[in-house]
Amino acid sequence: MGKSKQIGNHNSDKHKNIARKWKTKRRTKDLDQIHSDMKPETAAKLLHQEVDYDVTGCAQHYCLHCARYFVDMRSLKEHFKTKVHKKQLKLLREEPYTQAEAERAAGMGSYIAPKKIEVKTQPIEEEMD
């Protein structure tokens, strides 16, 4: 056997869960949370936010499907053409998992395959300066 790669964590509590710390550092929204954000009333609030200087791009350029803020409109448009955005759209096409579906899968009813939802890239509203 060899020596453990993790050194010096025997007595310190603040570094106990290193793996959990790294897993949650860059955590993004789950697909079901994004589906709830895609509802028209919530989407309107997210796409037309007030100016917030603590967020990237003052919270004016937001990708609804990826839950990301961008610096300017040009970088948002470029993001729409990327593989990451297209893959996210493909993942969002499947209906979100529900408790009823879990019960059917466990044998409490007949299983129904999840439906496909039509997801398109959000419309871009260009501002005239």
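# Exercises on a predicted model

Y62 is buried, with a relative accessibility of 5%. The structure is a predicted model, and the exercises below work outward from this residue and others.

## Exercise 1: the aromatic pair

Task: Find how many aromatic pairs the whole structure holds, and classify the geometry.

Solution.
- Step 1. A search of the whole structure returns 1 aromatic pair.
- Step 2. The partners are Y62 and Y69, whose ring centres lie 4.7 Å apart with 50° between the planes.
- Step 3. Planes under 30 degrees apart would count as stacked and over 60 as edge-to-face; the pair of Y62 and Y69 is therefore tilted, at 50°.
- Step 4. The two rings can also be assigned by exposure. Y62 is buried at 5% relative accessibility, whereas Y69 is partly exposed at 28%.

## Exercise 2: salt bridges

Task: Count the salt bridges, then give the N to O distance and the exposure of both partners for each.

Solution.
- Step 1. The count is 3 salt bridges.
- Step 2. D30 and R27 join through their side chains at 3.2 Å, N to O. D30 is partly exposed, at 32% relative accessibility, while R27 is exposed at 55%.
- Step 3. D37 and K29 form a salt bridge with an N to O distance of 2.4 Å. D37 is buried, with a relative accessible area of 9%; K29 is partly exposed at 34%.
- Step 4. In the bridge between E78 and R74, the closest N and O atoms are 3.4 Å apart. Both residues belong to helix α4 (residues 73-80) and are 4 residues apart, about one turn of the helix. E78 is partly exposed, with a relative accessible area of 42%, and R74 is exposed at 59%.

## Exercise 3: the surroundings of D37

Task: Is D37 buried or exposed, and which residues does D37 touch beyond four places in sequence?

Solution.
- Step 1. D37 sits in helix α2, which covers residues 31-37.
- Step 2. Buried means under 20% relative accessible area; at 9%, D37 is therefore buried.
- Step 3. With residues up to four places away in sequence left out, D37 touches K29, T42, A43, L46, Y62 and L64.
- Step 4. Two names in that list recur from the earlier exercises: K29 is the salt-bridge partner of D37, and Y62 belongs to the aromatic pair.

## Exercise 4: A59 in its loop

Task: Where is A59 found, and which residues is A59 in contact with?

Solution.
- Step 1. A59 lies in the loop between α3 (40-47) and β1 (62-63).
- Step 2. The relative accessible area of A59 is 2%, so A59 is buried.
- Step 3. Apart from neighbours within four places in sequence, the contacts of A59 are Q49, E50, D52 and Y69.
- Step 4. For a distance check, take V71, 12 residues from A59 along the chain: the two C-alpha atoms are separated by 8.6 Å.

## Exercise 5: cysteines and the nonpolar core

Task: How many disulfides does the structure hold, and which residues make up the largest nonpolar core?

Solution.
- Step 1. The structure has 0 disulfides.
- Step 2. C66 is in no disulfide, and the nearest cysteine sulfur, that of C63, is 3.8 Å away. A disulfide requires sulfur atoms within 2.5 Å, so the 3.8 Å between C66 and C63 does not qualify.
- Step 3. C66 is buried, with a relative accessible area of 11%. C58, by contrast, is partly exposed at 26%.
- Step 4. The largest nonpolar core has 5 residues: C63, C66, F70, L76 and F80.
- Step 5. Not counting residues up to four places away in sequence, C66 touches H79, H85 and Q88.

## Exercise 6: the whole chain

Task: State the order of the secondary structure elements and the burial and surface totals of the protein.

Solution.
- Step 1. The protein contains 6 helices and 2 strands.
- Step 2. Read from the N terminus, the order is α-α-α-β-β-α-α-α.
- Step 3. Of the 129 residues in the protein, 19% are buried.
- Step 4. The protein exposes about 10700 Å², and carbon and sulfur atoms supply 53% of that area.
- Step 5. Among contacts with a separation of 6 or more, 38% join residues 24 or more positions apart.

Terms used:
Residues are numbered from 1 along each chain as its sequence is written. This is a predicted model: local features need pLDDT of at least 70, side-chain atom pairs count only at pLDDT 80 or more; totals for chains, interfaces and linings use all residues. Side-chain values use heavy atoms; hydrogens and water are left out. A salt bridge is a side-chain nitrogen of Lys or Arg within 4 Å of a carboxyl oxygen of Asp or Glu. Buried means under 20% relative accessible area, exposed over 50%, partly exposed in between (1.4 Å probe, protein chains only). Contact means heavy atoms within 4.5 Å. A nonpolar core is a set of buried Ala, Val, Leu, Ile, Met, Phe, Trp, Tyr and Cys residues joined through side-chain atoms within 4.5 Å. Accessible areas come from the Shrake-Rupley method with a 1.4 Å probe; for residues, only the protein chains shown count as cover. Rings of Phe, Tyr and Trp (its six-membered ring) pair if their centres lie within 6.5 Å; planes under 30 degrees apart count as stacked, over 60 as edge-to-face and the rest as tilted.
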